[in-house]
Amino acid sequence: MTRPVADEQLIPTSGSPVFRALVGAFNHNKLSWVGLGLFMALAILAIGAPVFAPFDPIDQSIMSRMKPPSAEHLFGTDQYGRDLFSRALYGARISLLVGVVSVLLGLVIGGSLGVIAGYFGRVTDTIIMRVMDVMLSFPTLIMGIIIVALLGPSLPNVIIAITATLVPKFARIARAPTIAIKERAYIEACHAMGYSDLRIMLLHIVPNILAEILVMASLWTANAIMIEAGFSFLGLGVRPPTPTWGGMIREGFEHIFQAPWMSLFPGICILLAVMSLNLLGDGLRDAVDPRLKRSKEG
Amino acid sequence: MADPDTAPAPLLRVEGLTTEFRLGGEWHSAIRNLSFSVDRNETLAIVGESGCGKSITVMSLMRLLPEHGCRLTADQVNLNGQDLMGLSEDEMRSLRGNRMAMIFQEPMTALNPVLTIGLQIAEPLMFHRGMTLAEARPAVIELLDQVGIPSAAKRVDDYPHEFSGGMRQRVVIAMALACDPDLLLADEPTTALDVTIQAQVLALLADLKAAKGMGMILITHSLGVVAAVADRVAVMYAGDMVETAGVEELFANPVHPYTEALIRSIPRPDRDIEAVVPITGTVPSIDRMPVGCRFAARCSYAEARCTESAPPLTPVGEGSSHVAACWVRAGGQTA
Amino acid sequence: MSALLEIHDLRKFFETRRGPFGAEISVVRAVDGVSFTVERGEAFGLVGESGCGKSTVGRLALRLIDPDDGSITFEGEEIAGQSRRSLRHLRRRMQMIFQDPYSSLNPKMTVGRILGEPLKVHGITPTAEIPARVNELLAEVGLPADAASRYPHEFSGGQRQRIAIARALSVDPEFIVADEPVSALDVSIQAQVLDLMRNLLQKRGLGFLFISHDLGVVRYFCQRLAVMYLGRIVEVGAVPGIFDEPLHPYTRALRAASPVPDPTVGRTLARLEGEVPSASNPPSGCHFHPRCPHATDLCRRTYPRWTEMGDGRAVACHLHDPASAGEMSTPSQKA
């Protein structure tokens with residue numbers, strides 16, 4: 001008979017290791033909460049733009065041209081009399097949408113390629129990673145210009161352009177931990193169980209590399225937002241009169257001395273978005289490295 | 001044995017050593033009220049399982065524990081007549097590697113991969129004895145020879161990765177012995193080595209200890225290693241020292257239930273055993289230590305008083321040096 | 001009835017590239033002509049030190065890696081040449097228990113999922129009944145039912161090893177390869193897990209290939225064993241005979257160097273001189289001759305024949321080969 005181990009003490013900490021590590025890391029680095037909160041606030045404002053915006057963003061008003069910030073127009077107005085606060089809210093939709101969608105697409109496509117390359121190795125690895133290298137060798141802006149020139153300026157095309165720059169980056173950071181993990185005993189156990197490669201990659205490898213990837217995902221979302229702003233600034237992005245932060249800055253340049261608020265506020269918006277994501281990413285980074293290793297020890 | 005009244009003072013005398021760590025805002029003791037001694041030319045083995053505090057004990061002796069979140073108290077920690085507890089960090093530094101030296105378990109990571117072994121062995125000589133590298137070189141080659149590295153003069157400029165695991169551990173031993181320490185602390189020095197290499201290194205340590213008249217504290221989880229090299233043994237469980245005795249006495253007559261259970265649960269290469277008897281249950285975690293004897297929950301001899309207060313180390317027989325901390329099996333007289 | 005597992009002349013080489021342009025390719029002959037059989041309901045031990053190839057043999061037996069030569073017959077079916085795909089059907093019948101309990105369980109899955117996955121993938125249990133079956137498995141290895149909702153990091157090393165054993169048992173295998181299953185565990189926990197495995201072996205009639213470097217554990221658990229050195233088997237025999245009267249000098253050295261938890265027996269560990277040689281550049285003739293106290297010229301020239309000694313014992317050593325007796329010159333003196 002197997003001896004019953006009635007007095008076995010199970011170590012009491014419970015719950016998903018990822019969640020615990022996250023909360024632990026966020027508590028350690030309090031600014032991460034700030035980042036999270038700030039980003040959530042921006043997201044809510046962006047999603048709820050139709051609700052929060054006091055004015056129609058493309059509504060022109062000759063009477064209210066170039067007005068400085070006031071109670072009525074929080075960010076002032078531009079040369080067409082449009083309310084800049086409302087425009088900023090709608091611009092947030094573009095920026096955040098582009099940022100998040102590009103990163104998600106890049107993560108799924110690039111991450112998959114990286115896992116496949118790392119898991120199968122050899123020829124598959126070489127082919128995939130060389131293609132990634134070629135893609136990486138294009139500076140982001142050049143890539144954007146080429147794609148927009150070929151496909152035409154529009155929101156989907158901006159997303160495609162930025163996704164294209166992110167795919168090889170995600171592939172890289174997905175590949176390295178995959179190579180490390182596939183040698184671990186629990187992956188060997190999966191082979192011994194006869195699991196299919198797809199199952200092993202999806203259910204066993206991906207959950208264990210997700211943390212590292214999500215760190216970079218949040219940091220690169222900040223990048224994506226900046227790149228989108230850059231595209232809009234250069235006129236490569238979404239066409240006016242749809243408001244974008246980058247476009248608003250560009251329009252404000254012509255009047256920089258008379259109406260500095262036209263460029264200033266969209267710039268601050270970009271700053272807040274990028275900063276919140278960086279703080280968030282730093283918090284996630286802490287969650288990934290030392291903590292998970294510590295909680296591993298029974 | 002020498003007459004206790006005129007016997008020379010032990011090389012190392014520790015009394016009431018307690019080390020506490022701060023966890024979640026509260027202080028918990030990792031080792032509690034330890035008292036033991038080591039003589040010259042004697043090997044004291046501290047044996048116990050993971051989490052019992054044996055490594056923390058020697059780290060406490062060396063005062064190599066973090067400054068924050070850690071608290072060391074002792075009635076006495078006396079090395080060669082000198083009290084270590086009152087020393088400043090600078091004074092401790094001049095002792096480490098000099099009068100007392102330590103070797104660790106992992107020879108792979110104990111050596112700096114980018115420096116030659118010659119330089120690493122010379123370093124304690126340079127730091128403590130003020131030698132230059134050139135002056136230290138002959139001493140280094142001599143040391144390599146003593147620890148059994150063949151072609152020492154040629155290998156002194158090699159890098160760690162050019163040595164096998166057993167050889168690396170010998171290099172580490174050479175580093176530890178460079179300044180002729182009085183006391184050697186060895187924390188699981190052979191656990192990561194193959195069996196045949198382990199035998200070589202243990203024999204080497206025994207030879208060197210005898211040749212230099214050092215005292216040695218050997219930490220191990222293996223009772224086999226204890227039986228092979230120890231003169232005296234201290235058994236630790238959950239931060240307490242639960243039994244101390246001469247090695248033959250301990251194995252012939254284990255008094256503490258944990259010691260007895262441990263010996264009974266080990267298979268042997270030299271004889272057939274009908275069944276190894278496992279110890280049920282697990283070691284309590286540091287922040288949930290029970291009141292009273294910490295082994296009571298797993299002990300087949302436990303009585304009511306065992307969970308009320310922790311038993312002190314008491315001699316097993318009249319005036320015996322064999323002591324055990326057990327209400328049931330080691331009476332109630334204090335030492 | 002055929003044996004459960006028959007290995008014949010198994011070989012596996014690894015290439016390591018050296019040189020700036022991959023010029024020099026050195027080959028590590030990890031497994032170099034290994035043959036043995038494991039019967040149903042038998043625990044067969046594979047013993048040796050690091051680099052001897054025993055872990056590789058274990059993985060070859062399970063076809064986790066592809067052999068370069070030789071045959072592997074599992075229950076009469078030749079599996080050495082089969083592709084991974086065609087081997088899927090075998091996965092239910094042969095399983096593995098790994099050494100490191102900390103990396104053999106997916107840290108991101110609950111124990112319930114880890115144990116339930118094989119049941120689902122192989123269609124062993126209808127989905128609705130999986131939780132009940134998981135609880136049965138947990139009970140069989142002595143863990144409480146609420147373990148299913150917890151994650152591996154909440155368990156100690158010994159408990160994790162039990163979970164790994166439960167996982168291996170979930171598919172109801174006939175054959176288990178256990179690669180150092182207790183080496184990473186505390187001494188008293190080793191006894192618990194060994195006990196568990198022994199009970200399961202008897203209850204389920206499993207065949208075990210038990211890989212270990214610890215002779216005491218192997219003596220306790222196994223009925224027969226093979227000793228490996230540098231990719232080859234040097235001796236085979238039944239426990240306890242092979243321990244009490246080892247034939248091969250390496251077996252003798254291994255046995256003598258293994259610490260015994262008894263100071264009246266193993267007081268001096270016999271030292272075997274020299275290092276374990278490199279597997280990519282093995283010595284000529286008998287691999288063991290540089291370290292063998294009985295080496296002769298013949299030993300340096302020719303690898304010994306495999307000699308059956310009767311009673312299931314066999315050894316590869318010129319000293320025991322009657323055909324070699326005439327060819328051996330007088331043993332040369334070793335330093």
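**Close-up 1. His213(C) and Glu180(C) share a polar contact between their side chains.** In this predicted model, the two side chains come to 2.9 Å from each other. His213(C) sits in the loop that runs between β8 (207–212) and α7 of chain C. Follow the contacts of His213(C) beyond its neighbours within four places in sequence, and you meet Gly48(C), Lys54(C), Glu180(C) and Ser183(C), along with Val195(B) from chain B. Ser50(C) is worth finding too: 163 residues separate Ser50(C) from His213(C) in sequence, yet their C-alpha atoms are 8.1 Å apart. Is His213(C) buried, exposed or partly exposed? With a relative accessibility of 31%, His213(C) counts as partly exposed.

**Close-up 2. Chain C meets chain B across an interface that includes salt bridges.** Here 42 residues of chain C are in contact with 45 residues of chain B. The size of an interface is often given as the accessible area lost when the parts come together. For chain C and chain B, that area is about 3,700 Å², and carbon and sulfur atoms account for 57% of it. There are 3 salt bridges between chain C and chain B. One of these pairs to look for is Arg271(B) with Asp262(C), whose side chains meet at 4.0 Å, N to O. Polar contacts add to the picture, with 14 residue pairs across the interface of chain C and chain B, both partners being at pLDDT 80 or more.

**Close-up 3. Four helices of chain C each give two or more residues to the side that touches chain B.** They are α6 (187–204), α7 (215–221), α8 (241–244) and α9 (249–257) of chain C. Which element supplies the largest share of this side? That is α6(C), with 8 residues. Sorted by class, the side of chain C that touches chain B holds 21 nonpolar, 13 charged and 8 polar residues.

**Close-up 4. Helix α9(C) is largely enclosed by the rest of the structure.** Why can we say so? The reason is that 7 of the 9 residues of α9(C) are buried. The buried residues are Pro249(C), Tyr250(C), Thr251(C), Ala253(C), Leu254(C), Arg255(C) and Ala257(C). Their cover includes elements of two chains: α8 (195–212) of chain B, and β3 (43–47), α7, β9 (224–229), β10 and α8 of chain C.

**Close-up 5. A cis peptide bond joins Val239(C) to Pro240(C).** Most residues other than glycine have a negative phi, and most peptide bonds are trans. The bond from Val239(C) to Pro240(C) has an omega near 0°. To find the spot, go to the loop between β10 (232–238) and α8 of chain C, where Pro240(C) is placed.

**Close-up 6. Helix α3(C) is mostly covered, and elements of chain A are among its cover.** This helix spans residues 111–121, and 8 of its 11 residues are buried. The buried set is made up of Val111(C), Gly112(C), Ile114(C), Leu115(C), Gly116(C), Glu117(C), Pro118(C) and Leu119(C). Among the elements that cover them are α8 (185–193) and α9 (197–234) of chain A, as well as α4 (130–140) and α5 (157–170) of chain C. After α3(C) comes Gly123(C), with a positive phi near 60°.

**Close-up 7. Arg122(A) and Asn33(B) each have a positive phi without being glycine.** For Arg122(A) the value is near 45°, and for Asn33(B) it is about 55°. Arg122(A) belongs to helix α5 (residues 122–136) of chain A, while Asn33(B) lies in strand β2 (residues 26–38) of chain B. Are these residues buried or exposed? Arg122(A) is exposed, at 73% relative accessible area, and Asn33(B) counts as exposed at 54%.

**Close-up 8. Chain A has 11 helices and 0 strands.** Reading along the sequence of chain A, you pass through α-α-α-α-α-α-α-α-α-α-α. Chain A has 298 residues, of which 48% count as buried. Of its contacts between residues at least 6 apart in sequence, 71% join residues at least 24 apart. The exposed area of chain A is about 14,200 Å², with 70% supplied by carbon and sulfur atoms.

Technical notes: Residues are numbered from 1 along each chain as its sequence is written. Chains are lettered from A and ligands numbered from 1 in the order in which they are written. Side-chain values use heavy atoms; hydrogens and water are left out. Contact means heavy atoms within 4.5 Å. Buried area is the accessible area (1.4 Å probe) that two parts lose on being put together, summed over both. A polar contact is a pair of N or O atoms within 3.5 Å; within protein, one must be able to donate a hydrogen and the other to accept it, and residues adjacent in sequence count only if both atoms are side-chain atoms. Ala, Val, Leu, Ile, Met, Phe, Trp, Tyr, Cys and Pro count as nonpolar, Asp, Glu, Lys and Arg as charged, and the others, Gly among them, as polar. Buried means under 20% relative accessible area, exposed over 50%, partly exposed in between (1.4 Å probe, protein chains only). Accessible areas come from the Shrake-Rupley method with a 1.4 Å probe; for residues, only the protein chains shown count as cover.
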